[in-house]
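Please walk through this structure with the sequence and the model side by side, taking one region after another.

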Amino acid sequence: MNHINKIEHLGIAVKDIEQANTLYEKLLGVPPYKQEAVESEAVITSFFKVGDSKIELLASTQDDGPIGKFIAKKGEGIHHIAFDVDDIVLELERLEKEGFQILNKTPKKGADNKLVAFIHPKTTNGVLVELCQEVPK
């Protein structure tokens, strides 16, 4: 049984979503297919699809939000890698048993019709890992 199916997306923290949309549209040759606000995370997200891969741009709506703090500390750049899973609850339980520090014991609604949960970068060689499960429509 596969626990992780694939890389779902790479999350990139940006200061200005419109400027970043223009830049990535030029870079990737496609416009974003979706932009949405995720109030619980104080971000505006923008998604680009390139083949089977996705890029998520994240701009903070609050200086003290998670992305605002990240940019203040580290600047713009890769924020997280997200993996697609079939059952996020079982995967969180498995990873916790393996010794990973889970930041969200209960998955929450994220962008792009996903349930999401994060693993602390202290237990993943400095990389913030997001698990994503498609929400049934």
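In this predicted model, helix α2 (66-74) contributes the most to the lining of the largest pocket, supplying 6 residues. The lining comprises 33 residues, and those lying nearest the centre of the pocket are Pro66, Ile67, His79, Phe118 and Leu128. Strands also take part, for β3, β4, β5 (77-84), β6 (108-109), β7 (114-119) and β8 each provide at least two lining residues, as does α2. The space in this pocket amounts to about 690 Å³, and by class its lining is made up of 16 nonpolar, 8 polar and 9 charged residues.

Of the strands that contribute to this lining, β4 may be taken up next. Strand β4 spans residues 53-60 and is mostly covered, with 6 of its 8 residues buried. Strand β1 (residues 6-14) runs parallel to β4 and is joined to it by 5 bridges, whereas β3 (residues 43-50) pairs with β4 in the antiparallel sense over 8 bridges. Ile55 in β4 is a useful residue to follow through these pairings: Leu10 has Ile55 as its bridge partner, and Phe48 stands opposite Ile55 as well. The hairpin of β3 and β4 has 2 residues between the strands, and within this hairpin Gly51 takes a positive phi near 60 degrees.

A positive phi also appears elsewhere, in residues other than glycine. In general, most residues other than glycine have a negative phi. Asp112, however, has a positive phi near 60 degrees, and so does Asn113. Asp112 is placed in the loop between β6 and β7, and Asn113 is likewise found in the loop between β6 and β7. Asp112 counts as buried because its relative accessible area is 8%, under the 20% limit; Asn113, with a relative accessible area of 18%, is buried too.

From Asn113 the path leads on to Gln133, since Asn113 is among the residues that Gln133 touches. Gln133 is found in strand β8 (residues 128-134), and because its relative accessibility is 17%, Gln133 counts as buried. Leaving aside residues up to four places away in sequence, Gln133 touches Val85, Asp86, Asp87 and Ile88, together with Asn113, Lys114 and Leu115. With Ile88 there is a specific polar approach to look for, in which the side chain of Gln133 reaches the backbone nitrogen of Ile88 at 2.7 Å.

Definitions and conventions. Residues numbered from 1 in each chain as written. Predicted model: local features only at pLDDT ≥ 70, side-chain atom pairs only at ≥ 80, totals over all residues. Heavy atoms only, no water. Buried < 20%, exposed > 50% of the residue type's maximum accessible area, 1.4 Å probe, protein only. Helix = DSSP H or I, 4+ residues; strand = E, 2+ residues; numbered from the N terminus. Pairing = 2+ DSSP bridges. Polar contact = N/O pair within 3.5 Å; in protein donor to acceptor, adjacent residues only side chain to side chain. Contact = heavy atoms within 4.5 Å. 1 Å grid on protein atoms, 1.4 Å probe; cavity = no way out; pocket = protein on both sides within 12 Å on 5 of 7 lines; lining within 4 Å. Points joined across faces, edges and corners; volume = space filled by probe spheres on them. Nonpolar A, V, L, I, M, F, W, Y, C, P; charged D, E, K, R; others polar.
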